[in-house]
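Please walk me through this assembly in the viewer, telling me what to select at each stop and what is to be found there.

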Amino acid sequence: MASTTTTGGHAHKELGPGRLFLNWAALIVLTLTTFGVSQIKMPVNYHLAAALCISVIKVTLVVLFFMHLWHSEGINRIVFVTSFVFLLVLMFFVMADVGTRFTLSNSRIPPMPRVDQTMMPSGMPPGMGQPPQRRPEGPGQHPGKAGHP
Amino acid sequence: MQASAVRKMTPEGWLEPPPLPHHYDTVENHQNALRFGMWLFLGTEVLLFAGIFVGYFVFRTYFPEAFEQAGRHLSLFWGTTNTLLLLTSSLTVAMAHYNAEHGKNRNAFWLLTVSILMGAGFLCVKGIEYHDKFVEAALPGKFFHFTEITAPGGPVFYVVYFFSTGLHALHVIVGMSLLTWVAVRCWRKEFSPTYYSPVENAGLYWHLVDLVWIFLYPLLYLV
Amino acid sequence: MNEFMRRMLFLPDQASTFALDVDHLHYFVISVTMVASLAVGLTAIAFFWKYRRRRENQATPFISPTAGFEVLAISVPLAFFLLWFAMGFRDFVKLSSPPPDAMDVYVMGKQWMWKFAYPEGPNSLGVLHVPANRPVRMLITSRDVIHSVFIPAFRVKMDALPGRYTEVWFTATKTGRFQILCTEYCGAQHSKMWGEVVVMTPEAFDDWLKEQQRGLVTRQDLLADETQVTPQGSLAQWGKQVAVAQGCLRCHNVDTTAPSTGPSWVDLYQQRTKLTDGREIIADEAYLTESMMEPTVKVVAGYQPVMPNYQGKLSGPDAAAIVEFIKSLRSDRTVPVTAGEEQ
Amino acid sequence: MTAPITTAAVPPAGAVFPKKHYLNDGTTIRSWLLTHDHKRIAILYLVAVIIALFLGGVFAMVIRLELLTPGPTIIEALTYNRMFTLHGLVMIFMFMIPVIPAVFGNFFLPIMLGAKDVAFPKWNLTSWYVYIFGSALMLWGLITGGADTGWTFYTPYSTTTTTNIAPVMLGVFIIGFSSILTGLNFIVTIHTLRAPGVTWFKMPLFIWAVYATSIIQVLATPVLGLTTLLVAAEHTFGFGFFDPARGGDPILFQHLFWFYSHPAVYIMVLPSMGVISEVICAVARKNIFGYKMIAMSSLGIAFVGFFAWGHHLFTSGQSAFDAGAFAAISMLVGVFTAIKVFNWVGTLYKGAIAFTAPFAYVCGFLFFLVFGGMTGVALATVSLDVHWQDTYFVVAHFHFIMVGAVIMGFLAALHYWFPKMFGRKYPENWALLAAGLIVLGFNATFIPQFLLGNAGMPRRYYEYPERFTALNVASTAGASLLAFGFVIIAIYLAIALRYGEVAGRNPWGSRGYEWDVPSPPPTENFDKVPVFTRGPHEYHDIPEDLAKVGHAS
């Protein structure tokens with residue numbers, strides 16, 4: 001209704017149904033785009049990058065318009081951006097660790113030491129700690145059962 | 001909660017807003033505080049999901065083949081359907097916010113009802129997907145007996161899958177409850193240009209649920 | 001000076017090249033810490049004495065720091081801290097990059113003991129032999145939970161992670177015996193998970209290694225023979241191997257009836273046993289199997305429910321083989337497969 | 001019955017106890033349990049954390065007694081392992097995290113801002129119930145399930161232990177919620193409810209510290225929440241997120257855990273620093289030296305504290321690159337702390353210092369913070385940490401910070417604000433005696449532990465090699481002294497609560513905003529919105545007769 005409020009003005013009233021609808025349309029188009037891109041044949045890392053880029057755009061749209069951050073108080077923007085920054089910090093240091101560790105500390109198939117079976121770490125994920133040709137095959141490979149011939 | 005019966009109907013057709021809590025000086029200040037509080041809470045939600053996303057990338061680095069294989073076994077159709085459902089429900093919630101803020105409580109009520117139904121639809125689809133996974137025994141950790149994923153790391157993918165979507169589904173349920181609560185209050189015509197924070201905050205929560213899914217969808221289903 | 005500081009700080013022997021670097025940095029850091037704490041403390045005391053309150057409603061001048069003070073307050077500590085960081089990180093990088101000619105030793109932790117193995121040579125339990133003045137790289141892993149190899153005299157420590165390897169290296173400089181401790185909490189016997197490094201002169205080590213390898217060959221031959229025995233015997237035999245591999249014998253005696261962390265296995269089969277809840281059962285096959293899969297359900301009186309759950313870790317045949325092995329352990333006849341030899 | 005009282009500050013001749021105040025505004029149990037008044041919620045928290053401190057203290061004494069001899073002394077290995085788990089969890093989650101923010105923050109934050117309450121009073125009460133519920137669940141789980149994992153819950157030990165840890169993990173998760181609610185409430189309050197005149201740089205430094213703390217609480221706690229859920233699920237259903245037997249990564253657990261638990265250290269210590277800033281000004285009757293530096297270094301610690309978690313992982317298989325990055329960043333925390341220390345000492349310069357119990361705790365705090373902080377820097381020096389990691393050196397270091405600094409801050413706050421909260425004074429002589437005992441006992445307990453760490457005694461050891469006996473005995477002896485000091489405090493404060501001399505509005509002659517309201521304050525704090533014209537730490541233009549001004553009501 002015409003009753004503009006007594007609250008002295010959050011500018012976000014400018015976001016009428018038309019804008020919201022437009023925003024939704026953009027989101028749908030982006031969803032279909034990301035779906036379409038995923039069907040193209042290309043290296044998986046490109047897929048990952050493309051999907052993440054589109055997701056970031058979508059999230060930005062939702063946050064700015066559906067969630068009115070575009071017109072909101074600055075502090076709310078700071079809060080939200082900060083939380084993402086800390087997410088990225090966590091992600092960065094953990095991935096940096098995984099990427100630069102001593103290789104046998106996380107590679108999937110470390111070479112088996114030339115020592116007897118009891119020296120084999122039992123708690124290996126399937127496929128770890130054994131030469132590839134001895135990987136257990138067939139249905140229901142039992143995770144905890146590695147190590148017995 | 002205490003939508004008290006003593007509040008009178010104003011000529012414009014909505015209930016008088018509840019009295020301002022004694023420690024705030026202006027309505028606007030109160031609204032800002034509520035909105036700011038909600039945004040802070042959303043910040044905590046982002047970090048709640050942070051761990052699971054970090055886990056996703058770590059395990060993807062360890063087991064790229066398993067993640068690809070397992071991703072291909074998820075139903076692209078249902079995943080995309082769910083994405084569209086959630087995005088659309090976000091639109092209706094944003095519209096409901098707009099209407100409530102302009103005192104059009106009835107419109108807001110119907111929009112919220114549609115959103116809740118879409119949320120329920122989302123959960124149904126999720127249920128179908130979960131059911132399929134249970135039938136295939138494509139399950140996390142020690143319950144994993146799915147034969148079609150040959151690369152190592154299958155059980156871990158399903159831990160990530162079930163934990164992230166499960167936690168997300170939990171948020172959908174909470175969001176639906178919040179929306180139901182404000183929908184009931186819309187029905188009672190409680191919201192007006194000076195009092196609409198509950199709709200706004202419930203809406204913000206629902207949008208966050210949407211946000212998380214926007215990331216989960218491509219990561220789990222598409223790549 | 002070094003000796004004085006070492007004793008003052010209760011530091012253990014310095015028996016590796018790394019120890020000396022670490023200790024020197026340690027002295028530097030700790031001296032500055034002492035001086036700084038003392039300076040702050042003395043200044044506070046001096047101020048307290050000089051500026052004690054003389055009148056009840058005494059006013060004080062408004063003083064705020066000059067820019068110079070601010071810069072000083074930030075830059076002096078920062079300079080010290082960065083210097084320490086640089087020195088410490090240099091040493092750390094050294095510690096985590098073993099020289100290419102280092103001798104490899106595989107170290108495995110499991111609840112609650114250390115096992116050591118040389119690529120070509122013998123394995124040993126609890127005692128690690130290394131040559132002095134030769135770089136040794138430890139490739140460390142664990143069978144169950146996280147442990148941590150700690151040799152105080154070498155100032156060396158590294159976690160043992162299940163399912164993956166970590167590495168650390170050292171060059172021992174003194175011959176002798178030094179303690180190995182586990183520093184990552186790993187359960188009931190964590191504080192008893194000790195081992196020993198024996199540092200030998202290079203010549204003595206080479207002799208020792210040759211000696212051991214000779215022994216190994218005969219043992220490996222024996223092992224090869226054991227695979228040829230009749231199926232009847234092989235089940236108990238196999239059970240013993242599984243029991244060794246799973247670490248059962250760490251807590252269960254098989255050569256004497258004396259209790260250990262867990263009940264002895266000798267004469268256990270068909271024994272009447274009292275449980276913690278007062279019930280009495282007969283240790284038949286069913287009970288023995290159940291005790292592996294759900295060990296805390298029926299605990300023998302006088303023992304703690306500390307045994308880990310082997311559900312999912314032991315296959316059906318393996319569990320059956322262990323039961324066969326237990327059945328074969330009788331004190332009234334000579335047991336063909338005596339225990340203790342941990343391969 | 002009244003113990004002799006001597007305060008160096010103005011004797012409040014003729015001070016009268018106000019007739020109507022928050023404590024007697026409703027005396028039924030119900031009026032307490034359903035209160036929305038931030039002051040009453042603070043008292044509820046105070047009761048809860050004191051119970052937690054008592055429990056944690058008893059567990060600590062059991063541990064110290066057990067370690068009196070190298071072999072088994074009074075309890076079994078399993079009991080011992082449960083005991084240090086209990087001690088750690090109770091002290092950290094039930095005591096340290098809420099103690100200063102939830103008690104003194106709740107009580108004084110609105111008053112110091114000139115507000116009538118926190119932003120969301122109902123959520124404030126909710127956070128107390130959530131805390132109680134979470135604590136009860138955790139304790140119940142610890143006692144019946146007998147978790148023996150240590151408070152760090154390292155996987156895969158925690159996911160494979162035969163003891164039942166799921167309720168403990170859920171309890172921690174729930175307590176985390178309470179912490180988030182408190183922090184969120186404070187941040188919103190500081191942003192929206194400042195009275196006219198309280199601009200950002202005229203906020204008391206305690207508020208700055210609580211603000212920085214709240215940011216950490218809000219941003220870090222959710223990560224712990226997720227981690228505890230994952231561990232609980234993994235232990236119950238065998239998921240394998242962290243268990244390498246199923247492809248998981250145990251180091252990932254350590255990253256996620258310390259992403260919360262390292263900043264959590266600052267959740268504990270920052271409010272203490274805020275208390276010290278307040279107390280040191282009041283006892284030295286002197287403006288704070290370098291207000292902005294202290295305020296900004298609080299934020300700096302909160303910020304940098306998030307990038308330092310990896311220094312707990314130097315020997316756990318983390319990469320050397322990460323180790324270097326985390327070590328370098330950790331050093332910055334030391335710099336920020338050093339800035340604070342210099343400014344506190346600078347505050348004493350040309351002051352008018354009264355030697356009272358709060359000041360005794362300030363001195364203790366300064367010493368423990370400097371020594372504990374510097375050993376922290378030493379620990380962050382990567383190569384030194386290789387020797388010290390998981391030894392008693394680490395134990396001694398974090399007890400210097402957590403017990404040394406945090407408990408000193410807590411006791412300083414308790415003594416400094418006791419007259420404001422309860423309207424009565426505590427007996428100064430007894431307080432000084434207890435303070436002396438505690439500082440002494442504390443040093444005697446933990447300095448030997450530094451040396452034990454140097455000698456190479458690992459932590460969480462039930463039995464230890466003979467050569468560590470002497471230092472362990474010394475440590476246990478110190479611990480009993482420490483415990484004795486606490487008993488004295490408990491006794492005289494309990495007596496003072498009822499029989500203490502009436503304090504009057506401002507017994508310290510402090511210029512802090514909170515001393516403008518009567519002691520104890522009325523339910524509404526202020527009759528009308530106050531307007532502050534002075535800064536909170538200014539003593540250069542105090543009225544000639546501060547005492548009279550102080551007792552105007």
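Begin by selecting the contact between chain A and chain D in this predicted model, a contact to which chain A gives 18 residues and chain D gives 17 residues. If you colour the chain A side of that contact by residue class, the residues that touch chain D separate into 11 nonpolar, five polar and two charged.

Now widen the selection to the whole of chain A, which has three helices and zero strands and reads α-α-α along the sequence. The domain assignment for this chain gives domain 1 as residues 15-72 and domain 2 as residues 73-103, and if you place a marker at the C-alpha centre of each, the two markers for chain A will be 21 Å apart. Of the 149 residues in chain A, 36% are buried, and among its contacts with a separation of 6 or more, 39% join residues that are 24 or more positions apart.

Hide chain A and select chain B, where you will find six helices and zero strands, in the order α-α-α-α-α-α. The C-alpha trace of chain B spans about 70 × 30 × 25 Å along its principal axes. In chain B, buried residues make up 60% of the 223 residues, and residues 24 or more positions apart account for 76% of the contacts with a separation of 6 or more. Colouring by confidence is useful at this stop: chain B averages a pLDDT of 90, with 97% of its residues scoring at least 70, and among its elements helix H2 (residues 64-73) has the lowest mean, 87, while H6(B) has the highest, 94.

Within chain B, go next to helix H1 (residues 27-62) and pick Asn29(B), which is found in that helix. Is Asn29(B) buried or partly exposed? It has 17 C-beta neighbours inside 10 Å and therefore counts as partly exposed. Leaving aside residues up to four places away in sequence, Asn29(B) touches Tyr24(B) and, in another chain, Thr192(D).

Move on to helix H3 of chain B, whose 26 residues reach 38 Å from the first C-alpha to the last, close to the 38 Å expected at 1.5 Å a residue. Because 19 of the 26 residues of H3(B) are buried, this helix is largely enclosed by the rest of the structure. Directly beyond the helix, check the backbone of Gly103(B), which follows H3(B) and has a positive phi, near 80°.

The following stop is helix H4 of chain B, residues 105-136, and a distance between its end C-alpha atoms is worth displaying: at 1.5 Å a residue its 32 residues should span 46 Å, and the ends are 46 Å apart, which agrees. Show the side chains of the buried residues of H4(B), which include Asn105(B), Phe109(B), Leu112(B), Ile116(B), Gly119(B), Phe122(B) and Lys133(B). To see what covers the buried residues of H4(B), add helix H3 (76-101), helix H5 (154-187) and helix H6 (197-222) of chain B, which are among the elements that do so. Just after H4(B), Ala137(B) also takes a positive phi, of about 60°.

Keep Leu112(B) selected, since it leads to the next view: together with Val107(C), Ile207(D), Val362(D), Phe365(D), Leu366(D) and Ala412(D), it touches the most other members of the largest nonpolar core, which has 376 residues. Helix H3 (residues 77-113) of chain D gives the largest share of this core, 25 residues. Apart from this core lies another, of 22 residues, with Val242(C), Ala243(C), Ala321(C) and Val323(C) among them. Centre the view on Leu366(D) and, not counting residues up to four places away in sequence, you will see that it touches Val40(C) and Ala44(C) as well as Val341(D) and Trp344(D).

Finish by selecting chains C and D together, where 81 residues of chain C are in contact with 82 residues of chain D. On the chain C side, at least two residues each come from helix H2 (17-50), helix H3 (67-96), strand E6 (147-151), strand E7 (156-160) and strand E9 (176-182), and H3(C) gives the most, with 16 residues. Coloured by class, the chain C residues that touch chain D divide into 47 nonpolar, 22 polar and 12 charged.

Definitions and conventions: Residues numbered from 1 in each chain as written. Chains lettered and ligands numbered in written order. Helix = DSSP H or I, 4+ residues; strand = E, 2+ residues; numbered from the N terminus. Expected span 1.5 Å × (residues − 1). Buried ≥ 20, exposed ≤ 12 C-beta atoms within 10 Å, placed from the backbone. Contact = placed C-beta atoms within 7 Å. Core = buried A, V, L, I, M, F, W, Y, C linked by C-beta atoms within 7 Å. pLDDT = per-residue confidence, 0-100. Domains from an automatic or database assignment. Nonpolar A, V, L, I, M, F, W, Y, C, P; charged D, E, K, R; others polar.
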